[in-house]
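Q: Please take a close look at a single part of this structure, the packing of one pair of helices. Then place a few other features beside it.

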Amino acid sequence: MTEKTLNPVTLAKDIDGCRKIMLYGFLIRLLLLIFMLFIATSFTEPYFIADDIKYEETAAYYMDYASSVIDTSKLADVSDAYIAPFWPWAISIAAYLFNWVYAGRVINIILSTLTIGVIFNLTYNISGNNKTALLAAKMIAFLPVTVITCCFPIKDIFIMLGVFYAFDVFVSLQKGEKVGMLRALICATLMVGIYYSRGAVTELLVVFFFGFFLMKFIREKRYLAAILSILLAVGVMAVFGRAIMSSFETKLEDYGGEAVTEGGVAALTVHGITDIYKLPFAIFFANLQPIKMNLFTGSIVSWWHNVLAHANISIYPVAIANFLYIFGKKHNTLFWTLSMIMYSAVISLSLGVFRHYLFLIPLEIINCTLYFDVEKTGNRKTAVIFGSLGLFMLMLIYTLRIAL
């Protein structure tokens, strides 16, 4: 990990800078939401995907029929249509509290704004460079994909905040810093919420932390602790193994088949150990396509989905720099390795279902900024710019051929 000494005054100034970025990010998101709900409705519905409609229909039902903020019988009705009930409950309770079906969207804007601060802190903890951390904060604050998606009631924004908060706790532990009771409680609460929002993500975070502690014990030659950790992991799998594996099986059964219908995506899908050579290409594809780009045909989902598909072009320089970071010197090899294992597992379960790895966009943003946090930054920027233009031209030619 890169260690740099920073004047406390300078650090305080950059923390203030991050707060300003958070404020501007919040205002941009709020203005977009106002446009979406009060102006754009004259020509399009304020929805991104089908889940948006489903969540807000659920919220409207709860507003109409719940007898109190926490009406257990109506919450049970709400959860009937969902395998993971946490986010529908959160959306419904927020709608009841504020008597507004769109309240969940404001919550997502707030969560997205908080994520900006988390990414700033995490990037600084990894790089030790305040300018790098500010660049990461600016990217997460102002990239069209991250701005637009948080204006919908999708659960991915909550998952994004929870996952990267957990990553920040991990890096703090790695550096030997004390993690206070409140911070640990917040992390645990977020992980429970994620567990009841999307299957397999919390399980992957647990594997992430286990891998860290096991490597830490082995590196420190604390072999007894390493053996006890392995025995604990075996015991957990013996007791909860079936429930844990069912989360992954559900993902594969529900979404694994979609890659078959996604044209070129099928060729990148990793079906087993013999397909491991496909993984770098699958990772690159996933980085480029957090929202599927569709330049010349209208989206079959919604007008806003089509806007996002066009705005997805803005992620190309970030994705390319992130991919090149694979071949560069790592600022924190352990974090990079474990996070890439988690990313690989997620895209192996959901490749082609783009929104299911949307919550990992900050990871490629962080890696992008770390790629530039080295000597010869100018040369690297030139390579990324020309690489992005070249890739965009290739995709433009390909989509033109399809359109014509």
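A: The helix pair comes first, and a surface patch and a charged pair follow. The model is predicted, with local features needing pLDDT of at least 70 and side-chain atom pairs pLDDT 80 or more, while totals for chains, interfaces and linings use all residues. Residues are numbered from 1 along each chain, and side-chain values use heavy atoms, without hydrogens or water.

Helix α6 (residues 130-142) packs against helix α17 (residues 361-372) at about 145 degrees, their axes 9 Å apart (helices are DSSP runs of H or I, at least four residues; axes are fitted to C-alpha atoms over the stretch in contact, with angles from 0 to 180 degrees between N-to-C directions). This crossing of α6 and α17 is right-handed (the near helix is turned clockwise from the far one by less than a right angle). From α6, the contact (heavy atoms within 4.5 Å) takes T132, L135, A136, M139 and I140. From α17 come P362, I365, C368, T369 and L370. Of the residues in this contact, eight are nonpolar, two polar and none charged.

Elsewhere, L31, I34, F38, I39, L97, F98 and W100 make a nonpolar surface patch of about 770 Å² (over 30% relative accessible area, no salt bridge, nonpolar side chains joined within 5 Å; areas by Shrake-Rupley with a 1.4 Å probe). Helices α1 (8-38) and α4 (86-98) each give two or more residues to the patch. The most come from α1, with three, and I34 lies in α1.

The structure also holds six salt bridges (Lys or Arg side-chain nitrogen within 4 Å of an Asp or Glu carboxyl oxygen). One joins K74 and D77 at 3.9 Å between the closest N and O atoms. Both K74 and D77 lie in helix α3 (residues 72-79), three residues apart, about one turn.

Notes: Nonpolar A, V, L, I, M, F, W, Y, C, P; charged D, E, K, R; others polar. Patch = residues over 30% accessible without salt bridge, like charges linked within 9 Å, V, L, I, M, F, W, Y side chains within 5 Å.
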